[in-house]
Number of protein chains: 2
Amino acid sequence: MKEKVLGVLGGVGPMATVYFADLVVRMTEAETDQDHISMVILNHPTIPDRTAYILDHSKPNPVPVMVEDARRLEADGCDYIVIPCNTAHYFYDEIQRNVRVPILNILEETVRACQETVPNLKTIGVLATDGTIQSHAYQNIIERHGLTCIVPEPGDQASLMTIIYEQVKAGRPVDLFEFHRIIGEMKKRGCDAVILGCTELSIIHRDANLRRPDVVDSMECLARSSILACGKQLRRG
Amino acid sequence: MKEKVLGVLGGVGPMATVYFADLVVRMTEAETDQDHISMVILNHPTIPDRTAYILDHSKPNPVPVMVEDARRLEADGCDYIVIPCNTAHYFYDEIQRNVRVPILNILEETVRACQETVPNLKTIGVLATDGTIQSHAYQNIIERHGLTCIVPEPGDQASLMTIIYEQVKAGRPVDLFEFHRIIGEMKKRGCDAVILGCTELSIIHRDANLRRPDVVDSMECLARSSILACGKQLRRG
(Lines give C-alpha, C1' and ligand atoms only; values in the text may rest on other atoms or scores of the structure.)
Protein backbone atom coordinates (compact mmCIF):
# COMPACT_ATOMS: atom_id res chain seq x y z
CA MET A 1 0.00 0.00 0.00
CA LYS A 2 1.29 3.44 -0.90
CA GLU A 3 2.25 5.42 2.17
CA LYS A 4 -0.32 8.09 3.09
CA VAL A 5 0.74 11.71 3.50
CA LEU A 6 -0.95 14.05 5.98
CA GLY A 7 -1.15 17.72 5.04
CA VAL A 8 -1.30 20.19 7.91
CA LEU A 9 -2.77 23.58 7.08
CA GLY A 10 -1.21 25.34 10.01
CA GLY A 11 0.05 28.51 11.52
CA VAL A 12 -3.35 29.19 13.04
CA GLY A 13 -1.72 29.45 15.54
CA PRO A 14 1.90 28.34 15.17
CA MET A 15 2.21 26.91 18.68
CA ALA A 16 -0.88 24.78 18.14
CA THR A 17 0.48 23.59 14.79
CA VAL A 18 3.75 22.32 16.20
CA TYR A 19 1.94 20.79 19.15
CA PHE A 20 -0.36 18.98 16.72
CA ALA A 21 2.63 17.56 14.81
CA ASP A 22 4.25 16.59 18.12
CA LEU A 23 1.09 14.77 19.23
CA VAL A 24 0.89 12.84 15.94
CA VAL A 25 4.48 11.68 16.41
CA ARG A 26 4.03 10.82 20.10
CA MET A 27 0.73 8.99 19.57
CA THR A 28 1.94 6.83 16.64
CA GLU A 29 3.10 3.30 17.44
CA ALA A 30 6.66 3.38 16.10
CA GLU A 31 9.97 1.69 16.74
CA THR A 32 12.01 3.56 14.11
CA ASP A 33 11.85 6.88 12.26
CA GLN A 34 10.53 5.05 9.22
CA ASP A 35 7.37 3.87 11.09
CA HIS A 36 6.07 7.45 11.39
CA ILE A 37 3.58 9.33 9.23
CA SER A 38 4.79 11.56 6.43
CA MET A 39 3.52 15.09 6.93
CA VAL A 40 3.70 18.28 4.94
CA ILE A 41 3.17 21.12 7.38
CA LEU A 42 2.52 24.67 6.25
CA ASN A 43 3.06 26.84 9.27
CA HIS A 44 1.71 30.08 7.91
CA PRO A 45 1.15 32.37 10.89
CA THR A 46 0.42 35.50 8.86
CA ILE A 47 -3.02 34.12 7.92
CA PRO A 48 -5.40 36.85 9.19
CA ASP A 49 -7.00 36.24 12.58
CA ARG A 50 -10.06 33.99 12.21
CA THR A 51 -12.13 35.24 15.15
CA ALA A 52 -11.54 38.87 14.14
CA TYR A 53 -13.03 38.21 10.69
CA ILE A 54 -15.93 36.04 11.90
CA LEU A 55 -17.03 38.80 14.29
CA ASP A 56 -16.44 41.62 11.79
CA HIS A 57 -16.41 40.90 8.05
CA SER A 58 -14.73 44.24 7.33
CA LYS A 59 -11.52 42.73 8.82
CA PRO A 60 -9.03 40.84 6.55
CA ASN A 61 -10.52 37.60 5.25
CA PRO A 62 -8.36 34.54 6.02
CA VAL A 63 -10.11 32.30 3.45
CA PRO A 64 -8.11 33.10 0.27
CA VAL A 65 -4.79 32.20 1.94
CA MET A 66 -6.24 29.07 3.52
CA VAL A 67 -7.67 27.91 0.18
CA GLU A 68 -4.31 28.54 -1.47
CA ASP A 69 -2.53 26.54 1.27
CA ALA A 70 -5.03 23.67 0.93
CA ARG A 71 -4.35 23.58 -2.81
CA ARG A 72 -0.58 23.53 -2.20
CA LEU A 73 -1.03 20.57 0.14
CA GLU A 74 -3.16 18.83 -2.48
CA ALA A 75 -0.57 19.54 -5.19
CA ASP A 76 2.08 18.14 -2.82
CA GLY A 77 0.33 14.76 -2.86
CA CYS A 78 -1.34 14.85 0.55
CA ASP A 79 -4.04 12.21 1.09
CA TYR A 80 -5.73 14.03 3.97
CA ILE A 81 -5.68 17.60 5.17
CA VAL A 82 -6.12 18.77 8.75
CA ILE A 83 -6.46 22.29 10.14
CA PRO A 84 -5.38 22.30 13.81
CA CYS A 85 -7.59 25.29 14.64
CA ASN A 86 -11.22 24.94 15.68
CA THR A 87 -12.11 28.53 14.82
CA ALA A 88 -10.89 28.13 11.24
CA HIS A 89 -13.53 25.42 10.73
CA TYR A 90 -16.04 28.23 10.31
CA PHE A 91 -14.62 28.23 6.76
CA TYR A 92 -14.51 24.42 6.45
CA ASP A 93 -17.09 24.06 3.67
CA GLU A 94 -15.56 26.86 1.62
CA ILE A 95 -12.05 25.35 1.87
CA GLN A 96 -13.24 21.77 1.26
CA ARG A 97 -15.11 22.89 -1.88
CA ASN A 98 -11.76 23.99 -3.35
CA VAL A 99 -9.86 20.69 -2.95
CA ARG A 100 -10.67 17.06 -3.69
CA VAL A 101 -8.53 15.80 -0.79
CA PRO A 102 -10.71 15.15 2.28
CA ILE A 103 -10.25 17.56 5.17
CA LEU A 104 -10.70 15.85 8.56
CA ASN A 105 -13.09 18.02 10.57
CA ILE A 106 -11.76 18.63 14.09
CA LEU A 107 -15.25 19.42 15.45
CA GLU A 108 -16.85 16.26 14.05
CA GLU A 109 -13.95 14.10 15.28
CA THR A 110 -14.15 15.64 18.75
CA VAL A 111 -17.89 15.20 19.20
CA ARG A 112 -17.57 11.61 17.96
CA ALA A 113 -14.79 10.99 20.49
CA CYS A 114 -17.02 12.30 23.30
CA GLN A 115 -19.70 9.83 22.28
CA GLU A 116 -17.23 6.96 22.19
CA THR A 117 -15.53 7.66 25.50
CA VAL A 118 -17.94 9.40 27.90
CA PRO A 119 -20.62 7.10 29.38
CA ASN A 120 -24.26 8.32 29.61
CA LEU A 121 -23.45 11.38 27.55
CA LYS A 122 -26.30 13.87 27.36
CA THR A 123 -24.81 17.34 27.80
CA ILE A 124 -21.54 18.66 26.38
CA GLY A 125 -19.89 21.92 27.36
CA VAL A 126 -17.72 23.71 24.82
CA LEU A 127 -14.80 26.01 25.61
CA ALA A 128 -13.76 27.87 22.47
CA THR A 129 -13.10 31.29 20.96
CA ASP A 130 -15.84 33.87 20.43
CA GLY A 131 -15.57 33.05 16.72
CA THR A 132 -16.35 29.36 17.24
CA ILE A 133 -19.07 29.98 19.82
CA GLN A 134 -20.87 32.70 17.87
CA SER A 135 -20.79 30.69 14.63
CA HIS A 136 -22.68 27.89 16.47
CA ALA A 137 -20.38 25.35 14.82
CA TYR A 138 -20.13 23.02 17.84
CA GLN A 139 -23.72 23.64 18.91
CA ASN A 140 -25.02 22.53 15.48
CA ILE A 141 -23.01 19.30 15.44
CA ILE A 142 -23.82 18.42 19.06
CA GLU A 143 -27.54 19.05 18.58
CA ARG A 144 -27.54 17.04 15.35
CA HIS A 145 -26.37 14.11 17.50
CA GLY A 146 -29.38 14.58 19.80
CA LEU A 147 -27.26 16.03 22.61
CA THR A 148 -27.42 19.31 24.52
CA CYS A 149 -24.68 21.92 24.21
CA ILE A 150 -23.76 24.41 26.93
CA VAL A 151 -21.38 27.34 26.40
CA PRO A 152 -19.79 29.57 29.08
CA GLU A 153 -21.65 32.56 30.54
CA PRO A 154 -20.49 35.87 28.97
CA GLY A 155 -18.08 36.73 31.82
CA ASP A 156 -16.39 33.35 31.63
CA GLN A 157 -16.27 33.56 27.85
CA ALA A 158 -14.47 36.91 28.07
CA SER A 159 -12.04 35.39 30.56
CA LEU A 160 -11.36 32.45 28.18
CA MET A 161 -10.60 34.90 25.36
CA THR A 162 -8.07 36.63 27.63
CA ILE A 163 -6.46 33.26 28.35
CA ILE A 164 -6.32 32.34 24.64
CA TYR A 165 -5.16 35.67 23.18
CA GLU A 166 -3.34 37.52 25.95
CA GLN A 167 -1.76 34.51 27.64
CA VAL A 168 -1.24 31.45 25.38
CA LYS A 169 -0.82 33.15 21.99
CA ALA A 170 1.29 35.91 23.56
CA GLY A 171 3.58 33.36 25.26
CA ARG A 172 2.74 34.67 28.73
CA PRO A 173 2.00 32.60 31.86
CA VAL A 174 -1.51 31.15 31.95
CA ASP A 175 -3.93 31.74 34.82
CA LEU A 176 -4.46 28.04 35.49
CA PHE A 177 -6.71 28.67 38.45
CA GLU A 178 -9.12 30.59 36.21
CA PHE A 179 -8.94 27.91 33.51
CA HIS A 180 -9.80 25.17 36.02
CA ARG A 181 -12.53 27.32 37.58
CA ILE A 182 -14.25 27.70 34.19
CA ILE A 183 -14.14 23.93 33.61
CA GLY A 184 -15.56 23.41 37.11
CA GLU A 185 -18.35 25.89 36.36
CA MET A 186 -19.31 23.95 33.22
CA LYS A 187 -19.39 20.71 35.23
CA LYS A 188 -21.58 22.39 37.88
CA ARG A 189 -23.98 23.44 35.13
CA GLY A 190 -24.47 19.76 34.26
CA CYS A 191 -21.95 18.97 31.52
CA ASP A 192 -21.09 15.28 31.25
CA ALA A 193 -18.10 16.20 29.08
CA VAL A 194 -16.25 19.47 28.47
CA ILE A 195 -14.65 19.92 25.05
CA LEU A 196 -11.46 21.96 24.79
CA GLY A 197 -12.56 23.34 21.44
CA CYS A 198 -9.66 25.70 20.81
CA THR A 199 -6.15 24.41 20.16
CA GLU A 200 -4.63 27.06 22.43
CA LEU A 201 -6.58 25.41 25.25
CA SER A 202 -5.03 22.10 24.16
CA ILE A 203 -1.64 23.65 24.87
CA ILE A 204 -2.74 24.48 28.42
CA HIS A 205 -4.10 20.95 28.74
CA ARG A 206 -0.65 19.60 27.84
CA ASP A 207 1.29 21.96 30.09
CA ALA A 208 -1.04 21.57 33.07
CA ASN A 209 -0.95 17.79 32.69
CA LEU A 210 -4.69 17.77 33.32
CA ARG A 211 -6.01 14.26 32.75
CA ARG A 212 -9.72 13.75 33.29
CA PRO A 213 -11.90 11.44 31.21
CA ASP A 214 -14.63 14.10 31.06
CA VAL A 215 -12.31 16.74 29.53
CA VAL A 216 -12.02 16.01 25.82
CA ASP A 217 -9.21 17.74 23.96
CA SER A 218 -10.03 18.54 20.33
CA MET A 219 -6.35 18.47 19.33
CA GLU A 220 -5.88 14.94 20.68
CA CYS A 221 -9.02 13.81 18.87
CA LEU A 222 -7.73 15.23 15.57
CA ALA A 223 -4.30 13.63 16.06
CA ARG A 224 -5.91 10.25 16.80
CA SER A 225 -8.15 10.43 13.72
CA SER A 226 -5.18 11.51 11.55
CA ILE A 227 -3.05 8.54 12.64
CA LEU A 228 -5.85 6.06 11.96
CA ALA A 229 -6.77 7.69 8.62
CA CYS A 230 -3.14 7.35 7.49
CA GLY A 231 -3.21 3.63 8.27
CA LYS A 232 -0.98 3.71 11.36
CA GLN A 233 -1.56 2.29 14.83
CA LEU A 234 -2.01 4.29 18.01
CA ARG A 235 0.77 3.91 20.56
CA ARG A 236 -0.39 1.78 23.45
CA GLY A 237 -0.59 3.18 26.96
CA MET B 1 10.41 43.75 3.46
CA LYS B 2 8.97 40.52 2.11
CA GLU B 3 8.41 38.01 4.87
CA LYS B 4 11.05 35.25 4.90
CA VAL B 5 10.00 31.60 4.76
CA LEU B 6 11.99 28.85 6.49
CA GLY B 7 12.00 25.43 4.84
CA VAL B 8 12.51 22.46 7.15
CA LEU B 9 13.81 19.31 5.49
CA GLY B 10 12.64 17.01 8.22
CA GLY B 11 11.57 13.58 9.25
CA VAL B 12 15.15 12.69 10.13
CA GLY B 13 13.88 11.91 12.72
CA PRO B 14 10.26 13.02 13.09
CA MET B 15 10.46 13.75 16.81
CA ALA B 16 13.48 15.99 16.26
CA THR B 17 11.68 17.79 13.43
CA VAL B 18 8.66 18.72 15.50
CA TYR B 19 10.89 19.69 18.42
CA PHE B 20 12.84 21.96 16.08
CA ALA B 21 9.63 23.67 14.91
CA ASP B 22 8.51 23.97 18.54
CA LEU B 23 11.82 25.60 19.52
CA VAL B 24 11.58 28.11 16.67
CA VAL B 25 8.10 29.12 17.83
CA ARG B 26 9.08 29.27 21.52
CA MET B 27 12.30 31.21 20.89
CA THR B 28 10.73 33.86 18.63
CA GLU B 29 9.74 37.16 20.23
CA ALA B 30 6.03 37.30 19.42
CA GLU B 31 2.85 38.79 20.82
CA THR B 32 0.44 37.43 18.20
CA ASP B 33 0.28 34.52 15.74
CA GLN B 34 1.19 36.93 12.96
CA ASP B 35 4.59 37.76 14.55
CA HIS B 36 5.88 34.20 13.99
CA ILE B 37 8.03 32.80 11.17
CA SER B 38 6.40 31.13 8.20
CA MET B 39 7.68 27.59 7.85
CA VAL B 40 7.17 24.83 5.32
CA ILE B 41 8.00 21.60 7.10
CA LEU B 42 8.44 18.33 5.22
CA ASN B 43 8.30 15.61 7.82
CA HIS B 44 9.41 12.72 5.68
CA PRO B 45 10.35 9.90 8.06
CA THR B 46 10.74 7.22 5.39
CA ILE B 47 14.03 8.82 4.26
CA PRO B 48 16.51 5.91 4.63
CA ASP B 49 18.59 5.89 7.82
CA ARG B 50 21.61 8.20 7.46
CA THR B 51 24.04 6.44 9.79
CA ALA B 52 23.27 3.06 8.19
CA TYR B 53 24.26 4.39 4.75
CA ILE B 54 27.33 6.32 5.95
CA LEU B 55 28.71 3.18 7.57
CA ASP B 56 27.74 0.85 4.70
CA HIS B 57 27.19 2.27 1.21
CA SER B 58 25.37 -0.90 0.12
CA LYS B 59 22.44 0.28 2.31
CA PRO B 60 19.67 2.53 0.81
CA ASN B 61 21.01 6.00 -0.05
CA PRO B 62 19.03 8.83 1.59
CA VAL B 63 20.43 11.53 -0.73
CA PRO B 64 18.00 11.33 -3.70
CA VAL B 65 14.95 11.85 -1.44
CA MET B 66 16.66 14.64 0.50
CA VAL B 67 17.62 16.44 -2.72
CA GLU B 68 14.05 16.08 -3.98
CA ASP B 69 12.70 17.49 -0.69
CA ALA B 70 15.18 20.40 -0.82
CA ARG B 71 13.98 21.21 -4.34
CA ARG B 72 10.33 21.09 -3.21
CA LEU B 73 11.15 23.57 -0.44
CA GLU B 74 12.91 25.80 -2.96
CA ALA B 75 9.94 25.59 -5.36
CA ASP B 76 7.68 26.47 -2.41
CA GLY B 77 9.46 29.81 -2.05
CA CYS B 78 11.59 29.11 1.02
CA ASP B 79 14.38 31.63 1.65
CA TYR B 80 16.44 29.31 3.88
CA ILE B 81 16.50 25.58 4.37
CA VAL B 82 17.43 23.76 7.57
CA ILE B 83 17.90 20.04 8.19
CA PRO B 84 17.35 19.32 11.91
CA CYS B 85 19.62 16.24 11.83
CA ASN B 86 23.36 16.45 12.39
CA THR B 87 24.07 13.09 10.75
CA ALA B 88 22.36 14.15 7.51
CA HIS B 89 24.95 16.95 7.17
CA TYR B 90 27.33 14.29 5.86
CA PHE B 91 25.42 14.96 2.62
CA TYR B 92 25.31 18.75 3.07
CA ASP B 93 27.49 19.66 0.07
CA GLU B 94 25.64 17.29 -2.24
CA ILE B 95 22.22 18.67 -1.21
CA GLN B 96 23.39 22.31 -1.28
CA ARG B 97 24.77 21.85 -4.83
CA ASN B 98 21.24 21.01 -5.99
CA VAL B 99 19.45 24.13 -4.69
CA ARG B 100 20.21 27.84 -4.85
CA VAL B 101 18.51 28.51 -1.50
CA PRO B 102 21.11 28.60 1.31
CA ILE B 103 21.02 25.67 3.74
CA LEU B 104 21.97 26.72 7.28
CA ASN B 105 24.59 24.23 8.48
CA ILE B 106 23.76 22.94 11.97
CA LEU B 107 27.40 21.95 12.65
CA GLU B 108 28.83 25.33 11.66
CA GLU B 109 26.17 27.17 13.68
CA THR B 110 26.83 25.02 16.74
CA VAL B 111 30.60 25.40 16.73
CA ARG B 112 30.18 29.15 16.25
CA ALA B 113 27.78 29.26 19.21
CA CYS B 114 30.36 27.45 21.38
CA GLN B 115 32.91 30.09 20.47
CA GLU B 116 30.50 32.90 21.29
CA THR B 117 29.27 31.56 24.62
CA VAL B 118 31.97 29.43 26.28
CA PRO B 119 34.86 31.45 27.77
CA ASN B 120 38.48 30.26 27.24
CA LEU B 121 37.35 27.62 24.78
CA LYS B 122 40.10 25.24 23.71
CA THR B 123 38.63 21.74 23.69
CA ILE B 124 35.18 20.68 22.51
CA GLY B 125 33.64 17.26 23.10
CA VAL B 126 31.10 15.98 20.59
CA LEU B 127 28.28 13.54 21.33
CA ALA B 128 26.78 12.30 18.08
CA THR B 129 25.87 9.23 16.04
CA ASP B 130 28.47 6.83 14.66
CA GLY B 131 27.70 8.33 11.24
CA THR B 132 28.58 11.86 12.34
CA ILE B 133 31.64 10.79 14.35
CA GLN B 134 33.11 8.52 11.68
CA SER B 135 32.60 11.10 8.93
CA HIS B 136 34.78 13.53 10.99
CA ALA B 137 32.29 16.30 10.19
CA TYR B 138 32.52 18.02 13.59
CA GLN B 139 36.21 17.24 14.01
CA ASN B 140 37.03 18.99 10.71
CA ILE B 141 35.08 22.15 11.57
CA ILE B 142 36.41 22.34 15.13
CA GLU B 143 40.02 21.85 14.03
CA ARG B 144 39.58 24.43 11.27
CA HIS B 145 38.78 26.90 14.07
CA GLY B 146 42.08 26.01 15.79
CA LEU B 147 40.35 24.06 18.55
CA THR B 148 40.74 20.47 19.76
CA CYS B 149 37.93 17.94 19.35
CA ILE B 150 37.37 14.96 21.65
CA VAL B 151 34.90 12.16 20.92
CA PRO B 152 33.68 9.43 23.32
CA GLU B 153 35.67 6.26 23.91
CA PRO B 154 34.26 3.29 21.91
CA GLY B 155 32.26 1.86 24.85
CA ASP B 156 30.60 5.21 25.57
CA GLN B 157 29.95 5.73 21.86
CA ALA B 158 28.14 2.36 21.69
CA SER B 159 26.12 3.35 24.73
CA LEU B 160 25.16 6.68 23.10
CA MET B 161 23.97 4.81 19.99
CA THR B 162 21.77 2.65 22.22
CA ILE B 163 20.32 5.79 23.80
CA ILE B 164 19.68 7.40 20.39
CA TYR B 165 18.28 4.39 18.50
CA GLU B 166 16.83 2.03 21.09
CA GLN B 167 15.55 4.63 23.53
CA VAL B 168 14.76 8.07 21.99
CA LYS B 169 13.85 7.04 18.43
CA ALA B 170 11.95 4.00 19.73
CA GLY B 171 9.94 6.14 22.17
CA ARG B 172 11.25 4.21 25.18
CA PRO B 173 12.45 5.66 28.52
CA VAL B 174 15.96 7.11 28.36
CA ASP B 175 18.75 6.02 30.71
CA LEU B 176 19.42 9.54 32.00
CA PHE B 177 22.06 8.37 34.44
CA GLU B 178 24.10 6.93 31.56
CA PHE B 179 23.58 10.09 29.47
CA HIS B 180 24.83 12.28 32.31
CA ARG B 181 27.72 9.91 33.02
CA ILE B 182 28.93 10.23 29.42
CA ILE B 183 28.79 14.04 29.60
CA GLY B 184 30.72 13.89 32.89
CA GLU B 185 33.33 11.64 31.31
CA MET B 186 33.85 14.17 28.47
CA LYS B 187 34.27 16.96 31.04
CA LYS B 188 36.77 14.82 32.98
CA ARG B 189 38.77 14.36 29.79
CA GLY B 190 39.17 18.14 29.56
CA CYS B 191 36.31 19.40 27.40
CA ASP B 192 35.48 23.08 27.95
CA ALA B 193 32.20 22.53 26.11
CA VAL B 194 30.23 19.42 25.15
CA ILE B 195 28.16 19.61 21.97
CA LEU B 196 24.92 17.63 21.78
CA GLY B 197 25.52 16.92 18.11
CA CYS B 198 22.53 14.71 17.45
CA THR B 199 18.98 16.04 17.55
CA GLU B 200 17.76 12.99 19.47
CA LEU B 201 20.12 14.09 22.26
CA SER B 202 18.47 17.54 22.04
CA ILE B 203 15.19 15.83 22.91
CA ILE B 204 16.77 14.35 26.05
CA HIS B 205 18.20 17.77 26.83
CA ARG B 206 14.68 19.22 26.72
CA ASP B 207 13.04 16.44 28.73
CA ALA B 208 15.78 16.28 31.36
CA ASN B 209 15.68 20.06 31.73
CA LEU B 210 19.48 20.01 31.81
CA ARG B 211 20.75 23.60 31.74
CA ARG B 212 24.52 24.03 31.83
CA PRO B 213 26.41 26.71 29.95
CA ASP B 214 29.06 24.17 28.92
CA VAL B 215 26.52 21.84 27.26
CA VAL B 216 25.71 23.27 23.83
CA ASP B 217 22.64 21.89 22.09
CA SER B 218 22.92 21.81 18.29
CA MET B 219 19.15 22.04 17.86
CA GLU B 220 18.92 25.23 19.91
CA CYS B 221 21.79 26.72 17.92
CA LEU B 222 20.03 25.95 14.64
CA ALA B 223 16.72 27.39 15.90
CA ARG B 224 18.47 30.58 17.04
CA SER B 225 20.25 31.01 13.70
CA SER B 226 17.00 30.35 11.80
CA ILE B 227 15.08 33.01 13.72
CA LEU B 228 17.79 35.61 13.13
CA ALA B 229 18.20 34.64 9.44
CA CYS B 230 14.46 35.16 8.93
CA GLY B 231 14.70 38.66 10.38
CA LYS B 232 12.93 37.99 13.67
CA GLN B 233 14.00 38.72 17.24
CA LEU B 234 14.85 36.16 19.89
CA ARG B 235 12.47 36.01 22.82
CA ARG B 236 14.07 37.57 25.87
CA GLY B 237 14.70 35.47 28.96
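Where is the place of B:Gly13 in chain B? B:Gly13 sits in the loop between S1 and H1 of chain B. The model discussed here is a predicted one. The peptide bond that leads from B:Val12 into B:Gly13 is cis, with omega near -15°. Chain A has a cis bond from A:Val12 to A:Gly13, with omega near -10°, and A:Gly13 is found in the loop between S1 and H1 of chain A.

The next point is how the two chains are related. Chain A can be laid on chain B by a turn of 180° and a shift of 0.0 Å along the axis, with an RMSD of 0.0 Å. The two copies are thus related as by a two-fold rotation axis. Within chain A, the C-alpha nearest this axis belongs to A:Ile41, at 2.4 Å. Of the interface residues of chain A, 100% are also interface residues in chain B, so the copies meet through the same surface.

A sheet with strands from both chains comes next. This open sheet has six strands in the order S3(A)-S1(A)-S2(A)-S2(B)-S1(B)-S3(B), and its pairing is mixed. Its edges are strand S3 (80-82) of chain A and strand S3 (80-82) of chain B, each of which pairs on one side only. From one strand to the next, the twist averages 15°. The link between the chains in this order is the pair formed by strand S2 (residues 38-43) of chain A and strand S2 (residues 38-43) of chain B, which run in the antiparallel sense and share five bridges. Within this pair, A:Asn43 stands opposite B:Met39 in S2(B).

Helices lie across this sheet. Helix H1 (residues 14-27) of chain A lies across strand S1 (5-10), S2 and S3 of chain A, and its direction is at about 170° to S2(A). Helix H3 (residues 63-75) of chain B has contacts in both chains: it lies across S2 of chain A as well as strand S1 (5-10), S2 and S3 of chain B, and runs at about 165° to S1(B).

Chain A also contributes four strands to an open sheet with the order S5-S4-S6-S7 and parallel pairing. Strand S5 (148-150) and strand S7 (215-217) of chain A are at the edges; each has a single partner strand, so one side of each is left without a neighbour in the sheet. The twist here averages 30° from one strand to the next. Strand S4 (residues 123-127) and strand S6 (residues 193-196) of chain A are paired in the parallel sense over four bridges. One of the residues involved is A:Ile124, whose bridge partner in S6(A) is A:Ala193. Helix H11 (residues 218-229) of chain A packs on this sheet and touches S6 and S7 of chain A, with its direction at about 55° to that of S7(A). The loop between helix H5 (106-117) and S4 of chain A holds A:Asn120, a residue that has a positive phi of about 50° although it is not a glycine.

Helix-helix contacts remain. In chain A, the axes of helix H8 (residues 154-168) and helix H10 (residues 199-208) come within 10 Å and cross at roughly 75°. That angle makes H8(A) roughly perpendicular to H10(A). On the H8(A) side are A:Leu160, A:Ile163, A:Ile164 and A:Val168, which meet A:Glu200, A:Leu201, A:Ile203 and A:Ile204 in H10(A). By class, this contact has seven nonpolar residues, no polar and one charged.

In chain B, helix H1 (residues 14-27) and helix H10 (residues 199-208) have axes that come within 9 Å and cross at roughly 60°. H1(B) is therefore oblique to H10(B), and the crossing is left-handed. Here B:Met15, B:Ala16 and B:Tyr19 of H1(B) meet residues of H10(B), among them B:Thr199, B:Ser202 and B:Arg206. The contact of H1(B) with H10(B) has four nonpolar, two polar and two charged residues.

Also in chain B, the axes of helix H5 (residues 106-117) and helix H7 (residues 137-144) come within 10 Å and cross at roughly 45°. These two helices are therefore oblique to each other, and H5(B) passes H7(B) in a right-handed crossing. The residues in contact include B:Ile106 and B:Val111 of H5(B) and B:Tyr138 and B:Ile142 of H7(B). Seven residues of the contact between H5(B) and H7(B) are nonpolar, one is polar and two are charged.

Methods. Residues numbered from 1 in each chain as written. Chains lettered and ligands numbered in written order. Predicted model: local features only at pLDDT ≥ 70, side-chain atom pairs only at ≥ 80, totals over all residues. Heavy atoms only, no water. Pairing = 2+ DSSP bridges. Axes fitted to C-alpha atoms, helices over the stretch in contact; angles between N-to-C directions. Contact = heavy atoms within 4.5 Å. Least-squares fit on C-alpha atoms with pLDDT ≥ 70 in both. Parallel < 35°, antiparallel > 145°, perpendicular 65-115°, else oblique. Left-handed = near helix turned anticlockwise from the far one by under 90°. Nonpolar A, V, L, I, M, F, W, Y, C, P; charged D, E, K, R; others polar.
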